[in-house]
2 protein chains.
Amino acid sequence: MIERLTVIGVGLIGGSLARALRDARAVREVTGFGRSLSNLELAAELGVIDRVAVSLADAVRDANVVVLATPVGAMPEMLNGIGSVLPETTVVTDVGSTKESVMAAAQSALGEKYSRFVAGHPIAGTEQSGVAAAVADLFSQRRVILTPDVDTDVEAVSKVVAMWQATGAHVMSMSAAEHDRVLAASSHLPHVLAYALVDMLVRRDDHRAIFDCVGGGFRDFTRIASSDPVMWRDICLANRQAIVAMLNQFHDNLSDTIEAIERGDGDFLLDTFTRAKHARDKIFHSLPEA
Amino acid sequence: MIERLTVIGVGLIGGSLARALRDARAVREVTGFGRSLSNLELAAELGVIDRVAVSLADAVRDANVVVLATPVGAMPEMLNGIGSVLPETTVVTDVGSTKESVMAAAQSALGEKYSRFVAGHPIAGTEQSGVAAAVADLFSQRRVILTPDVDTDVEAVSKVVAMWQATGAHVMSMSAAEHDRVLAASSHLPHVLAYALVDMLVRRDDHRAIFDCVGGGFRDFTRIASSDPVMWRDICLANRQAIVAMLNQFHDNLSDTIEAIERGDGDFLLDTFTRAKHARDKIFHSLPEA
């Protein structure tokens with residue numbers, strides 16, 4: 001049970017976490033803080049938070065656990081704001097999609113209190129954003145990756161593990177570097193490709209005719225291109241190196257595929273498509289499609 | 001009402017068309033033909049077809065309408081097989097994802113009977129294939145594009161329009177060249193990108209770690225990579241020129257995005273992502289997500 005939880009950035013993820021912990025009776029009081037007062041008022045109205053904090057100092061003063069759930073680009077500012085006012089015993093965690101950048105910011109902002117910062121990332125979400133989209137079961141059966149540092153306090157880690165387990169999530173851990181490389185492939189790369197595809201098409205003169213002829217394949221392929229642009233700009237900047245490496249590898253592989261189509265190499269295409277289909281079918285064998 | 005319909009290639013699309021026309025009482029008898037006898041027997045068992053034809057000649061002998069629903073690569077062979085045995089009054093149509101290649105094959109195979117060939121393409125389907133996946137409502141509220149030639153018989157066209165309308169589809173028409181260019185963008189390009197992404201990832205040494213960390217975004221983005229590889233090899237070969245043009249444009253645009261991430265150009269990324277999000281939200285404003 002968390003007595004007093006503070007969520008900084010009460011959007012889809014922060015709001016869903018609060019809702020999930022309330023439903024599980026794993027939290028007593030939730031305080032919200034963020035840059036948009038109207039959003040915080042909506043969160044209070046929806047029953048996601050109990051109280052709107054008037055400042056960062058007010059937000060963290062009595063908190064047992066503080067969860068940073070802003071876009072990763074805003075986290076350094078928030079961490080700097082709480083560094084001096086954070087109680088010695090408060091555990092801080094985050095839900096950012098990149099981990100090395102957030103941990104570096106936390107280390108610099110929190111000083112000695114960095115030992116009670118537990119970096120985390122729930123692999124959950126939708127293309128929607130905002131507290132109105134928050135739901136209690138967003139993390140149920142989903143994975144949450146924690147990337148504790150070598151000297152992170154084990155009690156702090158276990159508090160964050162328990163918090164996520166209360167939402168129905170499966171918790172795993174790895175190094176921040178591995179997280180950032182793996183997520184560059186499994187999440188960041190697809191998002192950039194989806195954005196790049198839709199952007200390319202909408203800038204064509206014939207985009208109306210193209211968009212008139214889209215089916216379910218296009219709809220699902222581009223769903224992530226409806227995600228929050230600020231969040232994804234921040235992720236691209238924060239995990240720049242790993243994302244560029246993945247994009248360059250994809251770019252090179254795509255050249256090979258283009259050349260194969262140009263020369264009419266049906267065997268190459270059949271091999272590539274078959275390998276991809278088998279891999280994809282295997283990944284989602286046991287997962288529902290919708 | 002179609003008295004006798006023949007479906008050549010009784011898979012997801014051909015089987016769903018037969019089911020939809022039966023449900024709408026828009027067909028009296030359905031004959032099936034294809035290369036796999038076991039599949040045809042399954043189709044008969046499931047009630048999708050009434051009768052299995054023993055040869056192409058047997059399949060089309062008494063048919064009022066013949067629908068070609070094989071992968072586009074197999075259509076020239078089927079068209080050549082029916083050219084000499086097709087009755088003078090029979091209307092032939094197809095459901096292929098590329099239209100110029102199929103029409104060229106039909107013209108060459110059917111001679112004077114080409115005037116009763118009406119090229120078509122329903123914008124519907126799932127990543128599944130085979131008659132077991134066929135459903136009667138696959139085309140409901142979906143678009144079907146017809147690409148009649150300048151000298152296509154108008155009565156034949158209107159018969160095919162009525163057939164698709166009976167399934168609940170909206171019928172539109174355009175030139176074959178426009179179809180192939182537009183579909184290269186809205187459908188063929190996303191399929192190649194999805195296959196290329198999954199193939200690139202599965203060939204990485206760390207693919208297990210990557211696939212362990214996929215979420216709903218990856219699942220939806222790659223759904224079309226579970227599509228039938230033979231069908232998509234055929235489409236890439238048949239619409240080679242238009243697909244290569246789209247892929248090259250995407251490849252160039254992706255270079256710009258990679259460079260923007262490399263130099264940390266947040267404004268470029270925010271512009272691109274925002275433009276894409278707005279376009280995508282607008283397309284699917286009125287369509288359900290699932």
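Leaving out residues up to four places away in sequence, A:Thr152 touches A:Ser115, A:Phe117, A:Val118 and A:Val157. You'll find A:Thr152 in the loop between β8 (143–146) and α6 (154–166) of chain A. Its side chain reaches back to the backbone nitrogen of A:Asp149, at 2.7 Å. Is A:Thr152 buried or exposed? With a relative accessible area of 9%, A:Thr152 falls under the 20% cut-off, so this residue counts as buried. Keep in mind that all of this comes from a predicted model.

**A strand on the inside**

Next, have a look at strand β2 of chain A, which covers residues 27–33. Of the 7 residues of β2(A), 5 are buried, so the strand is largely enclosed by the rest of the structure. Strand β1 (residues 2–8) of chain A pairs with β2(A) in the parallel sense, over 6 bridges. You can spot the pairing at A:Leu5, which stands opposite A:Val30 in β2(A). In a regular strand, side chains alternate between the two faces of the sheet.

A:Phe33 belongs to β2(A) as well. Its relative accessibility is 13%, so A:Phe33 counts as buried. What does A:Phe33 contact, leaving aside neighbours within four places in sequence? The list includes A:Val7, A:Ile8, A:Gly9 and A:Val10, and also A:Leu40, A:Ala53, A:Val54, A:Ser55, A:Leu56 and A:Ala59. A:Ala238, by contrast, is 205 residues away from A:Phe33 in sequence, and the two C-alpha atoms are 23 Å apart in space.

**Where the two chains meet**

Now for the interface. The size of an interface is often given as the accessible area lost when the parts come together. Here the area buried between chain B and chain A is about 8,500 Å², and carbon and sulfur atoms give 69% of that. Three residues, B:Arg219, B:Phe221 and B:Phe273, supply 9% of the area that chain B buries against chain A, more than any other three residues. In terms of contacts, 90 residues of chain B meet 90 residues of chain A.

There's polar chemistry here too. The count between the chains is 6 salt bridges. One salt bridge joins the side chains of B:Arg223 and A:Asp220, at 2.6 Å from N to O. Across the interface, 27 residue pairs are in polar contact, with both residues at pLDDT 80 or more.

Which elements of chain B give two or more residues to the side that touches chain A? They are β8 (143–146), α7 (176–202), α8 (207–212), α9 (216–221), α10 (229–238), α11 (240–262) and α12 (266–283). α7(B) gives the most, with 19 residues. Sorted by class, this side of chain B has 50 nonpolar, 17 polar and 23 charged residues.

**Two residues with positive phi**

Finally, chain B has a couple of backbone spots to look up. Most residues other than glycine have a negative phi. B:Arg25 has a positive value, and so does B:Gln141.

| Residue | Phi | Loop in chain B | Relative accessible area |
|---|---|---|---|
| B:Arg25 | near 50 degrees | between α1 (12–23) and β2 (27–33) | 71% |
| B:Gln141 | near 65 degrees | between β7 (120–122) and β8 | 58% |

B:Arg25 is exposed, and B:Gln141 is exposed too.

How values were computed:
Residues are numbered from 1 along each chain as its sequence is written. Chains are lettered from A and ligands numbered from 1 in the order in which they are written. This is a predicted model: local features need pLDDT of at least 70, side-chain atom pairs count only at pLDDT 80 or more; totals for chains, interfaces and linings use all residues. Side-chain values use heavy atoms; hydrogens and water are left out. Contact means heavy atoms within 4.5 Å. Buried area is the accessible area (1.4 Å probe) that two parts lose on being put together, summed over both. A salt bridge is a side-chain nitrogen of Lys or Arg within 4 Å of a carboxyl oxygen of Asp or Glu. A polar contact is a pair of N or O atoms within 3.5 Å; within protein, one must be able to donate a hydrogen and the other to accept it, and residues adjacent in sequence count only if both atoms are side-chain atoms. Helices (H or I, at least four residues) and strands (E, at least two) are DSSP runs, numbered from the N terminus. Ala, Val, Leu, Ile, Met, Phe, Trp, Tyr, Cys and Pro count as nonpolar, Asp, Glu, Lys and Arg as charged, and the others, Gly among them, as polar. Buried means under 20% relative accessible area, exposed over 50%, partly exposed in between (1.4 Å probe, protein chains only). Two strands pair if DSSP finds at least two bridges between them.
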